[in-house]
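Thanks for coming. I have one structure to go through today, and I will keep it short.

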Amino acid sequence: MQFWPKILIFDKKHRDMVRYINPYTDFGFKKLFGTKVNKDLLISFLNALFNGEEVVVDLTYNNVEIQGLTRLDRNAIFDVFCTNDKGERFIVEMQKAEQQYFKDRSIFYASFPIQEQARRGHDWNFHLKGVYFIGILDFVFPEDEYSTDCFHHEIKLMDVDDKHVFYDKLTFIYLEMPKFNKTEDQLVTMFDKWMFCLKNLWHLLDRPAALQERVFKRLFREAEIARFTPEERKSYEHSLMVYRDLVNVVDFAEKKGIAQGREEGIAQGREEGIAQGREEGILEGKKAVAKSLLQAGMSKEEVKHATGLTDADLVGL
């Protein structure tokens with residue numbers, strides 16, 4: 001058995017020691033959940049999320065880029081896209097920064113695994129397998145849509161009159177990570193433990209005593225930066241740069257929105273001014289990040305996926 005020493009990485013930007021990867025980065029998330037060798041981690045997370053309502057026994061990873069129906073249609077690039085042993089599709093997205101039409105994007109993405117089930121060239125009775133979109137959000141929904149202690153949202157098609165679920169094969173699950181504030185001594189369920197890991201992994205120096213299950217031992221081993229190859233380390237550092245840039249975009253937009261809101265508050269209302277300034281700041285910052293990524297060699301589709309920008313936003317960059 002090869003011995004791996006405990007090695008801490010000094011993060012010069014944030015002036016602290018880091019042992020484990022940040023799962024909010026593209027590399028970190030796909031390293032833990034997007035590879036066949038680690039599919040047991042994804043299976044454990046999904047089963048904890050569904051809490052017995054849906055049992056995932058096995059998964060097959062699908063191509064994360066799906067072509068549109070025609071040459072002119074837009075493609076979709078997912079973080080993780082897989083199918084279970086019953087033919088149900090799961091899209092799992094780590095959303096790093098708030099974007100204006102995130103809900104629309106969720107619906108758009110979910111349409112791809114629905115349409116791909118059509119049996120072209122054969123008689124087909126429109127029978128569909130379930131589709132699940134799972135969004136792990138590094139932000140909270142705006143305008144106080146949900147209370148501060150409500151972070152887990154499960155959305156289905158519902159009859160607005162009698163409130164029954166009209167169609168149960170299309171499910172959207174959103175996890176507002178900033179609202180999850182349980183400490184290690186408060187972790188009871190597997191879902192609690194997975195949420196704690198996702199939010200705090202890169203701030204930990206050792207596996208907490210509360211996470212004794214074998215799957216978390218695997219998780220922390222796979223997340224240890226010292227085990228990476230030089231190529232993996234380079235990819236992770238690039239992914240971490242993108243994540244930091246997007247975080248800085250949002251922080252800057254918050255400050256700009258507040259300042260602009262103060263200036264425009266008398267004319268159009270303080271809250272409206274703050275919202276408009278924040279939105280403009282986020283778009284401006286994302287374009288700057290996108291330009292840097294394009295210059296670094298990332299494809300246009302990858303840049304759109306990382307930033308949430310559209311083709312129109314990228315014109316002229």
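When I say helix or strand, I mean a DSSP run: H or I over at least four residues for helices, E over at least two for strands, numbered from the N terminus. This is a predicted model, so local features need a pLDDT of at least 70 and side-chain atom pairs count only at pLDDT 80 or more, while totals for chains, interfaces and linings use all residues. Residues are numbered from 1 along each chain as its sequence is written, and side-chain values use heavy atoms, with hydrogens and water left out.

First, the overall numbers. The protein chain has 317 residues, of which 46% count as buried. Buried means under 20% relative accessible area, exposed means over 50%, and partly exposed is in between, with a 1.4 Å probe and protein chains only. The chain holds nine helices and 10 strands. Its accessible surface comes to about 17,400 Å², and carbon and sulfur atoms hold 53% of that. Those areas come from the Shrake-Rupley method with a 1.4 Å probe, and for residues only the protein chains shown count as cover. For contacts, the criterion is heavy atoms within 4.5 Å. Of the contacts with a separation of 6 or more, 60% are between residues 24 or more positions apart.

Now confidence. pLDDT is the predictor's confidence in each residue, from 0 to 100. The chain averages 82, and 79% of the residues score at least 70. Among the elements, helix H4, residues 190-200, has the highest mean at 97, and strand S1, residues 9-11, the lowest at 53. Over residues 1-5 pLDDT stays under 50, and the model has three contacts for them beyond four places in sequence. Where pLDDT is low, the predicted coordinates should not be read in detail.

Next, strand S8, residues 131-137. How many of its residues are buried? Seven of seven. Val 131, Phe 133, Gly 135 and Leu 137 point one way, Tyr 132, Ile 134 and Ile 136 point the other way, and all are buried. S8 has parallel partners: strand S7, residues 89-95, pairs with S8 over seven bridges, and strand S10, residues 165-176, also pairs with S8 over seven bridges. Pairing here requires that DSSP finds at least two bridges between the strands. To fix the register, Ile 91 has Phe 133 of S8 as its bridge partner, and Ile 136 stands opposite Leu 175 in S10.

Phe 133 also turns up in the surroundings of Ser 106, a residue of helix H3. Ser 106 is at 0% relative accessibility and therefore counts as buried. Apart from neighbours within four places in sequence, Ser 106 contacts Phe 133, Phe 172 and Tyr 174.

On to helix H2, residues 39-50. Its 12 residues reach 17 Å from first C-alpha to last, close to the 16 Å expected at 1.5 Å a residue; the expected span is 1.5 Å times one less than the number of residues. Why call H2 largely enclosed by the rest of the structure? Because nine of its 12 residues are buried. Among them are Leu 41, Leu 42, Ser 44, Leu 46 and Phe 50.

That leads to the nonpolar cores. A nonpolar core is a set of buried Ala, Val, Leu, Ile, Met, Phe, Trp, Tyr and Cys residues joined through side-chain atoms within 4.5 Å. The largest has 53 residues, and Phe 33, Leu 42 and Leu 46 have the most contacts inside it. H2 gives the most to this core, eight residues. A second, separate core has 17 residues, including Ile 66, Phe 81, Phe 141 and Leu 170. Back in H2, Leu 46 contacts Val 56, Leu 59, Phe 90, Val 92 and Ile 134, leaving aside neighbours within four places in sequence.

Two backbone details. Most residues other than glycine have a negative phi. Asn 51, just after H2, takes a positive phi of about 50 degrees. Asn 51 sits in the loop between H2 and strand S3, 59-61, and is exposed at a relative accessible area of 67%. Phe 126, not a glycine either, has a positive phi of about 70 degrees. Phe 126 is in the loop between helix H3, 102-115, and S8, and is exposed at 62% relative accessible area.

Last, Val 303 in helix H8, residues 300-307. Val 303 counts as buried, at 0% relative accessibility. Its C-alpha lies 9.7 Å from that of Ser 292, 11 residues apart along the chain.
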